[in-house]
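Please open the model in your viewer and keep the sequence panel beside it, as this tour moves from one selection to the next.

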Amino acid sequence: MPQLSKQIVDSENQFTFDLPVKVLQFGTGVLLRGLCDYLIDQANKQHIFSGRIVVVKSTAGSADDFAAQDGLYTVCVRGVDGEGNTIDEATTVTAVSRVISAQDNWQSILQVARNPHLEVIISNTTEVGIQYVEENIFQSPPQSFPAKLTAFLYERFRTYGGKKDKGVVVVPTELITDNGLKLRECVEKLSAYNELGKLFNKWLKYHVKFCNSLVDRIVPGKPDAVTHAALEEKIGYQDSLLTVAEPYLLWAIEGDERVKKVLSFEQIHPNVIVDEDISYYRERKLRILNGSHSASAPLGYLSGFDITFQCMNDPAMSKYYENIIYDEIVPTLPFDEQMDELKVFAGDILNRYRNPFIQQKLIGITLQQTSKMNARNATTIRRYYQQFGKAPRLFAIGFAAYLLFMKAVKQQNEHYYGQRGEDFYIINDEQAAYFYEKWQGVTTESVGELVQTVLSNTKIWEADLTKLEGFAETITEYLTDMMTNGVKNTLEKAIL
């Protein structure tokens, strides 16, 4: 079986190799490859965007895997649509021109800054990537991502003398709120620290557009060996970069008409959105998708399931997901005029959870579970009280399971472990030590005190949750039942 290369790409797509480089991308991760690069590739093949991507690899290691395949890779979109039909499509992405190691070839990256066709900069450097670090941008290379970006922009400014039409649109996709504004702030601070001058700052202010953006697509990446081999057999070539993605995607970008014109690939998909305000898209994702995940993951895991798909095949867990979304999350969202659209979005979320091709591990969703519960669900719970004047029963069940999940039974090498059946799991949470202490000596008779103590801790929660009448008592009732009869039995009794 041949390895993926230019020679075996469909002749109809060969023209894409001759397109000019219009995008610089910081990051080689699967989300960028399976969403952003995938969309640009689709637009190129429809003669819309007409530009290729140079990718910056900032982490250690070579880019030989990309070079061996001429920058090509396959995205296998696998899932089930709203009608229950299986989707199983493979696309060879030809949008990536080359991948350059920042550590080994920084000067080659600066050379891209002199490219007259360049219009867009994209990034995904993880949530910690957008942080200000006081450093000299004239190192080769600078260490932090904002410093690399500042050096690149300054090189472009110097090359073209600050010309208006050589400004660029910067679209970070890191999963933090106001990612564009925060990245701009870092660049401005670095400019001041490195004394880059008033003219550069003026060009930066008026001709470099930093856009907040929101991305959403499950891209687990390279599949397991058996699935990988089967997919290669189907597509007819070897691909070490083969990536699996779900059918659903969203890329919401905050921008004006100039941004929309530059990001012309937004035309190819209804869920690629350029709008002056994307807060609606951010809020619905945070509350419905992320919120239901965090409310349900400990419950599903302690009920004996390992992945979301297994939960959706269980009558009790499936009903829990559906009911908490439709009954306790969607009604609380402050978008009355979009309520029908929100219900459609909620249905899409449930279909994504039912995707048999996506192995979304529940234990992974529980990473930093406490902060996620606060950020994603505390506001929803309070809104529910304001609207209905009573405790949200389903959130109380999920909260009880979360508290039990945080019960560490042993400490080892500064790690805390909970127990499910005969197996131990690591509690990856900044509050693990706090809960380890609070659970000491707690019995079914005294668990109510634990609930009161945790819910009233305003260092963890954005408000004292014991002030919500009946919430602590409802959680205590379910938690006591879980400790006595098991999580799965408590869930089934409460929901079926």
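How does Asp-277 count by its relative accessibility: buried, partly exposed or exposed? In this predicted model, Asp-277 counts as partly exposed because its relative accessibility is 45%, a value that lies between the 20% under which a residue is called buried and the 50% over which it is called exposed.

With Asp-277 still selected, colour its surroundings by secondary structure, and you will find the residue in the loop between strand β12, residues 272-275, and helix α9, residues 279-302. Next, add Glu-257, Asp-275 and Glu-276 to the selection, since together with Asp-277 these residues gather in a patch of negative charge on the surface.

Now move to helix α15, which covers residues 393-405, and select Phe-405 there. Phe-405 has a relative accessible area of 1% and is therefore buried. Then select Leu-299 as well and draw a distance between the two C-alpha atoms: Phe-405 and Leu-299 are separated by 106 residues in sequence, while their C-alpha atoms lie 8.2 Å apart in space.

Finally, zoom out to the whole chain, in which there are 19 helices and 15 strands. The chain is as compact as a globular protein of its length, because its radius of gyration of 25 Å is close to the 23 Å that the globule rule gives for 496 residues. Taken along the principal axes, the C-alpha atoms fill a box of roughly 70 × 55 × 50 Å, and buried residues make up 57% of the 496 residues in the chain.

Technical notes:
Residues are numbered from 1 along each chain as its sequence is written. This is a predicted model: local features need pLDDT of at least 70, side-chain atom pairs count only at pLDDT 80 or more; totals for chains, interfaces and linings use all residues. Side-chain values use heavy atoms; hydrogens and water are left out. Patches are made of residues with over 30% relative accessible area and no salt bridge: like charges are joined within 9 Å, nonpolar side chains (Val, Leu, Ile, Met, Phe, Trp, Tyr) within 5 Å. Accessible areas come from the Shrake-Rupley method with a 1.4 Å probe; for residues, only the protein chains shown count as cover. A salt bridge is a side-chain nitrogen of Lys or Arg within 4 Å of a carboxyl oxygen of Asp or Glu. Lys and Arg count as positive and Asp and Glu as negative; His and the chain ends are not counted. The place of a charge is taken as NZ of Lys, CZ of Arg, CG of Asp or CD of Glu. Helices (H or I, at least four residues) and strands (E, at least two) are DSSP runs, numbered from the N terminus. Buried means under 20% relative accessible area, exposed over 50%, partly exposed in between (1.4 Å probe, protein chains only). The radius of gyration is taken over C-alpha atoms; the globule rule is 2.2 Å times the number of residues to the power 0.38.
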